[in-house]
Structure formats: C-alpha cells, structure tokens
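Reader: Please walk me through this protein, one question at a time. Where should we begin?

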Amino acid sequence: MKVNSSEFIISAVGPDQYPDDALPEIALAGRSNVGKSSLINRMINRKNLARTSSTPGKTQHMNYYLINENMYFVDFPGYGYAKVSKTQRATWGKMVEKYLAERDTLKLVLLIVDLRHPPTSNDKMMFDWLKHYDIPLCVVATKADKIPKTRWPKHVKIMKQELGVLPGDLFIQFSSEIGLGRDELWALVSEHIQSTEQEVVEEEVSGQEPDAGEVSEA
C-alpha cells in the first residue's frame, strides 16, 4: 500500500473519545518496549509519527493514527511492565478488553512479539483470549534483524509452539530496521480493509429502494 498521508489523531482513554467516523481500525497489542511504535513508523515510512520511548510503560492510552484518511492504527498500552502499578495495569486491561469485545470497527489485531525471546505469559494470555473470542489476529514477530538469518527458523518454531499457533493462523516476521515483512503486512491489512469496504457496499445495495419500473410480487 502506498501511504499518502498519516497523522496522529488522539490519545483516548475511553469509548467517548474514540473516533466516530466508522473507519476500519487495526489494533496493535504487545508488551512494553516490544516495538509497536517502530512498526507503525516503518509501515508509514516516517521516523517519528509514533513516538518511541526508552522508558517501557510510557504509552498509557489508546493512540489513534489516521492513515490515508481511510483507516486507523490503534496502539494499545504495553502490557507486562512491572514498574507500572497494579491499579494502572488493571485499568489498562479493562479498557483494552472492552475495546476488543465491543468495538465494531476493529478489523484485525496485530499481536506484536519479540522474535529473539520466547513469548511471555502475557503474550500467551492475549493470544488465547483473542482466539477464544474469534477476533481476527496476526502474530507479528519483530526485531528479526537482531538475529542471524540462519537462526530465524528455530526462533519462529519456538514462538509458534509456545503460543500455540496452528496451521492457518497468521504469522509474519518483521523488522522495523530493514523493512522485512512490511509489504506482507500491508497486504494483510489491505485485505481486511477491503473486506470492510465490500460489506459497506453490499449493505448500501441491499438497502436501496426498488426502481419505479420494478413490479413487486403480490
């Protein structure tokens, strides 16, 4: 996909602040400091639209980024950072869970994991939760450039086995540094956006009044 425009819209803390324009949303979930912001920046070919931080746990809201005026990336608060209070983690968890369960415009969740390391218990919990509720999901294993290519298959195998990824589940290796996986991920995102646009067209067609010349059966 060619990105012609991208802009930060809002750091939302609840449904009353989410955009109400019904555009499709692609959410990014993952532990703190796993590279969600860097992934967004690589996807849109900008360095600092999504602000990266050396301080894990800094993202405390749902950050909305409007892409090409026809979709959003939604960056979730990172989970699993020990220095964040239990109360704050619980608040984030409830906000994210409510969004995932009720947001009609959510079309795909990208579960961002670090290919260098086995998945955390929080990664496994998020994966299982999304699968249980049948929410469209793709595991994106970042930081592949930090591992020699000869070791990629071993790390991918460990990641898939420990998460419980099954044949047919979506899994993409990614590197924000070298652009690995960018085109593949855009193709997947575009597919989910296009399916949404097709649904809208079908709804509009089904809701049209019959032409004056049409005769309905009695």
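Author: What follows is a set of short questions and answers on the fold, one strand, the cores and a few residues.

Author: This is a predicted model, in which local features need pLDDT of at least 70, side-chain atom pairs count only at pLDDT 80 or more, and totals for chains, interfaces and linings use all residues. Residues are numbered from 1 along each chain as its sequence is written, and side-chain values use heavy atoms, with hydrogens and water left out.

Reader: Which pattern does the protein follow along the sequence?
Author: Helices (H or I, at least four residues) and strands (E, at least two) are DSSP runs, numbered from the N terminus. The protein has five helices and seven strands. Read along the sequence, they give β-β-α-β-β-α-β-α-β-α-β-α.

Reader: What percentage of the residues count as buried?
Author: Buried means under 20% relative accessible area, exposed means over 50%, and partly exposed lies in between (1.4 Å probe, protein chains only). Of the 218 residues of the protein, the buried share is 44%.

Reader: Which residues touch the most other members of the largest nonpolar core?
Author: A nonpolar core is a set of buried Ala, Val, Leu, Ile, Met, Phe, Trp, Tyr and Cys residues joined through side-chain atoms within 4.5 Å. The largest one holds 36 residues. Elements that give two or more residues to this core include β3 (62-67), α2 (86-102) and β5 (106-114). The members that touch the most others are M62, F76, Y99, L100 and L111.

Reader: Which residues does L100 contact beyond its sequence neighbours?
Author: Contact means heavy atoms within 4.5 Å. Neighbours within four places in sequence are set aside here. L100 is then in contact with F76, L106, V109, M126, W129, L130 and I135.

Reader: How many residues are in the other core?
Author: This core lies apart from the largest one. Among its members are I40, A50, C138 and L188. Its count is 25 residues.

Reader: How many of the residues of β3 are buried?
Author: M62, Y64 and L66 point one way from β3, while N63, Y65 and I67 point the other way. Both sets are buried. The strand is largely enclosed by the rest of the structure, because the buried count is six of the six residues.

Reader: Which residue in β4 is the bridge partner of L66?
Author: Two strands pair if DSSP finds at least two bridges between them. β1 (residues 6-12) pairs with β3 in the antiparallel sense over six bridges, and there S11 is partnered with N63. β3 and β4 also pair in the antiparallel sense, over five bridges. In β4, the partner of L66 is Y72.

Reader: Which residue in the hairpin of β3 and β4 takes a positive phi?
Author: Three residues lie between the two strands. One residue in this hairpin has a positive phi near 55°. That residue is N68.

Reader: How far is the side chain of N68 from the backbone nitrogen of N4?
Author: A polar contact is a pair of N or O atoms within 3.5 Å; within protein, one must be able to donate a hydrogen and the other to accept it, and residues adjacent in sequence count only if both atoms are side-chain atoms. N68 counts as buried, because its relative accessibility is 18%. A polar atom of its side chain lies 2.9 Å from the backbone oxygen of K2. The side chain of N68 reaches the backbone nitrogen of N4 at 2.6 Å.

Reader: Why is the pair of Y18 and Y64 called tilted?
Author: Rings of Phe, Tyr and Trp (its six-membered ring) pair if their centres lie within 6.5 Å; planes under 30 degrees apart count as stacked, over 60 as edge-to-face and the rest as tilted. A search of the whole structure finds seven aromatic pairs. The ring centres of Y18 and Y64 are 5.9 Å apart and the planes stand at 40°, so this pair is tilted.

Reader: How many residues apart are Y18 and Y64?
Author: Y18 is in the loop between β1 and β2, and Y64 is in strand β3. The pair links distant parts of the chain, with a separation of 46 residues.

Reader: Is F8 partly exposed or buried?
Author: F8 has its place in strand β1. Leaving aside neighbours within four places in sequence, F8 is in contact with L49, N63, Y64 and Y65. Its relative accessible area is 39%, so F8 is partly exposed.
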